[in-house]
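Q: I should like to take a close look at a single part of this model. Please explain it in terms that a first-year student can follow.

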Amino acid sequence: MSLLEVKNLEVRFAMRKQELVALREVSFSLEKGERLGIVGESGAGKSVAAFSILNLISKPGYISAGEIIFEKRDLTRLSQVEMSKIRGNRISMIFQDPMMTLNPVLTIGTQMTETLHAHQTISKEEAKQRAIESLAQVHIPSPATRFDQYPHELSGGMRQRVVIAIALITRPPLIIADEPTTALDVTIQAEIMDLLMVLCQSSGVGLILITHDLGVISQMTERAIVMYAGRIMEEGDTTEIITNACHPYTHGLIGALPQRTAPGQRLNQIEGVMPALASIPEGCAFNPRCPLVSDVCRTTRPGYTSIGSTRVACHNFDAGNS
Amino acid sequence: MTQAPLLTVHNLYKEFPIHGSMLEQLEFRGGRLIRKRESVKAISGVDLEVHKGESLCVVGESGCGKSTLARVIMGLIPPSQGKVTYEQHRIDNIKLGNLLPYRKKMQMIFQNPYASLNPRMTVRQTLEEPIRFHNPGLSGAEVNDKVASVTQSVGVDPTWSHRYPHEFSGGQRQRISIARALAVDPEFIVADEPISALDVSIQAQVLNLMMDAREQRALTYLFITHDLAVVEHFGSRVAVMYLGTLCELAPTRKLFATPQHPYTQALLSAIPKLNQDSSDYIKLRGEVPTPVDLPSGCVFHGRCLQANERCTREVPELKLYDDTSIACHAVEEGRI
């Protein structure tokens with residue numbers, strides 16, 4: 001039994017003039033303790049996917065179809081009250097900007113124990129003890145002092161450590177991290193990623209890591225999903241996807257990295273831009289930018305084909321076509 | 001490199017005062033009234049030369065002073081100390097009127113194309129303004145030709161020139177700001193993180209455009225970035241900055257093959273690479289200190305794994321070894 005199973009998820013935004021489809025036919029599953037990466041450019045729908053797991057899509061957006069099975073329950077059918085027992089308790093989320101996530105007028109300690117008190121019956125002293133332990137776990141020096149400090153007294157890297165500590169404090173089986181290191185410097189990013197990985201491995205926490213950085217995905221995750229214009233283009237083993245990408249978009253994305261071309265040479269660019277949700281082309285969403293486009297791509301949306309461990313949505317891989 | 005450098009930066013310092021008014025500076029300590037002044041030391045003693053035709057990349061983490069360096073070079077903010085010369089003429093202390101001919105030769109591309117284009121001006125107006133300002137003699141038709149040719153060269157359809165910036169995507173906007181910089185036919189371009197606000201597939205497009213322009217127009221670039229993968233691809237020389245000082249300055253290939261300074265080594269090892277385990281990066285101790293209260297000696301000593309007593313005391317000088325300049329006691333003493 002998978003920890004999380006997302007089946008045919010569809011998210012729509014009801015705008016005044018039309019309904020926009022932000023996610024279409026999104027299906028994936030996550031085993032206990034597995035690390036899954038979701039990669040894509042801005043507007044690909046990766047954050048919408050993460051938010052919909054926690055039922056955080058706000059109006060005018062709504063989940064229009066599909067199921068999200070987590071611990072044998074369909075999260076799309078839960079009430080807000082039931083959902084709030086899961087958020088921060090069974091599934092934690094780490095956001096991009098630690099300055100925005102932490103409340104600037106509450107001490108670190110208040111924010112940490114708040115989470116514990118919300119989900120568990122626990123005494124004040126015990127909660128404080130757990131919070132300090134949790135801070136020590138993410139390698140924050142002198143955690144007892146930090147407990148009484150405010151977010152502005154900490155550097156960006158330290159703040160993100162606090163956010164990770166809060167996410168882990170209830171010992172959830174699943175953490176969703178949405179671009180957790182994008183706001184940080186490279187040397188700090190390396191530390192935070194390392195920490196997140198070690199903590200996930202040692203306590204068997206499942207991780208969904210959302211990022212636009214293919215380097216991070218390849219170092220952190222076992223499986224990866226490539227999204228484009230609200231749809232999964234390719235899903236499979238991370239190393240397999242990085243070394244043997246099937247979908248032309250994945251190919252283009254990896255090929256566009258500067259390290260894939262000899263210094264000084266022109267980079268392999270993908271022409272054009274990702275379409276806006278209101279103007280997703282018919283057929284395959286990637287067809288106007290695709291170097292391997294054929295007539296069928298312009299008319300029919302491709303289904304999923306399995307090639308080894310990889311699942312790909314591309315007409316070039318339709319049966320007997322590869 | 002026997003030719004005189006195009007641009008030199010000599011012993012540059014830039015401090016931003018953060019103390020308030022006279023009254024706020026006063027403080028009682030030990031029964032005496034003391035006047036306390038604080039400042040952010042954004043740049044402390046940078047020496048740099050940019051030669052004609054090269055692309056010098058400046059890398060470093062946020063707060064290391066790389067953007068301040070770009071702004072001081074462009075004359076957007078005056079330095080606190082030191083000088084900037086362009087073709088052997090000092091440009092940091094001259095009057096705005098005398099600076100104008102240099103403004104035509106030196107142009108800047110900014111990081112955020114959402115903020116650097118005027119939302120109330122059409123693309124045509126944005127591009128016409130610098131052309132008319134710097135070439136007052138041009139006729140209307142000549143200006144039109146110029147605008148059309150420059151928009152075409154950056155891959156923006158000239159028929160869109162009556163549109164406003166909000167009608168364009170981020171990548172297109174950055175193309176327009178590159179067009180604006182190229183419109184006056186500059187020879188030197190300072191690009192401050194020109195691609196960090198863009199998506200991966202768009203980054204490649206803009207980087208290609210900048211490399212094409214470099215070839216066609218024989219441009220010299222000073223390229224400010226935090227992205228080392230881009231540096232390896234784009235730069236001919238790299239300057240690594242940390243807390244307002246230069247750590248290492250070397251030809252790109254050499255820097256990436258054999259980084260010398262401990263900070264450069266840590267920085268290079270921290271880039272997430274495809275198909276590589278994350279565990280083998282060099283772990284630095286602690287955090288970047290605040291530029292208000294710079295550490296004594298080498299600014300990196302608190303995080304450096306090679307630091308000894310001398311590093312905490314004495315500021316290392318930038319010394320030349322073959323074609324690499326390094327400011328590190330450990331390298332000088334042969335400890336690494």
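In which crossing, left-handed or right-handed, does helix 8 of chain A pass helix 10 of chain B?

A: Helix 8 of chain A passes helix 10 of chain B in a left-handed crossing. A crossing is left-handed if the near helix is turned anticlockwise from the far one by less than a right angle, and right-handed if clockwise. The model is predicted: local features need pLDDT of at least 70, side-chain atom pairs count only at pLDDT 80 or more, and totals for chains, interfaces and linings use all residues. Residues are numbered from 1 along each chain as its sequence is written, while chains are lettered from A and ligands numbered from 1 in the order in which they are written. Helices (H or I, at least four residues) and strands (E, at least two) are DSSP runs, numbered from the N terminus.

Two packed helices are described by the angle between their axes and the distance between the axes. Here, helix 8 of chain A, residues 186-203, packs against helix 10 of chain B at an angle of about 55°, and their axes are 8 Å apart. Axes are lines fitted to C-alpha atoms, for helices over the stretch in contact, and angles run from 0 to 180 degrees between N-to-C directions. The two helices, helix 8 of chain A and helix 10 of chain B, are therefore oblique to each other. Angles under 35 degrees count as roughly parallel, over 145 as roughly antiparallel, 65 to 115 as roughly perpendicular and the rest as oblique.

From helix 8 of chain A, the contact is made by A:Val186, A:Thr187, A:Gln189 and A:Ala190; helix 10 of chain B contributes B:Ala266, B:Leu267 and B:Ala270. Two residues are in contact if their C-beta atoms, placed from the backbone, lie within 7 Å. The residues of this contact comprise five nonpolar, two polar and no charged. Ala, Val, Leu, Ile, Met, Phe, Trp, Tyr, Cys and Pro count as nonpolar, Asp, Glu, Lys and Arg as charged, and the others, Gly among them, as polar.

The wider setting is the interface between the chains, where 35 residues of chain B are in contact with 38 residues of chain A. On the side of chain B that touches chain A, two or more residues come from each of helix 7 (200-217), helix 8 (228-234) and helix 10 (262-270) of chain B. Helix 7 of chain B gives the largest share of that side, eight residues. The residues of the side of chain B that touches chain A divide into 15 nonpolar, 13 polar and seven charged.
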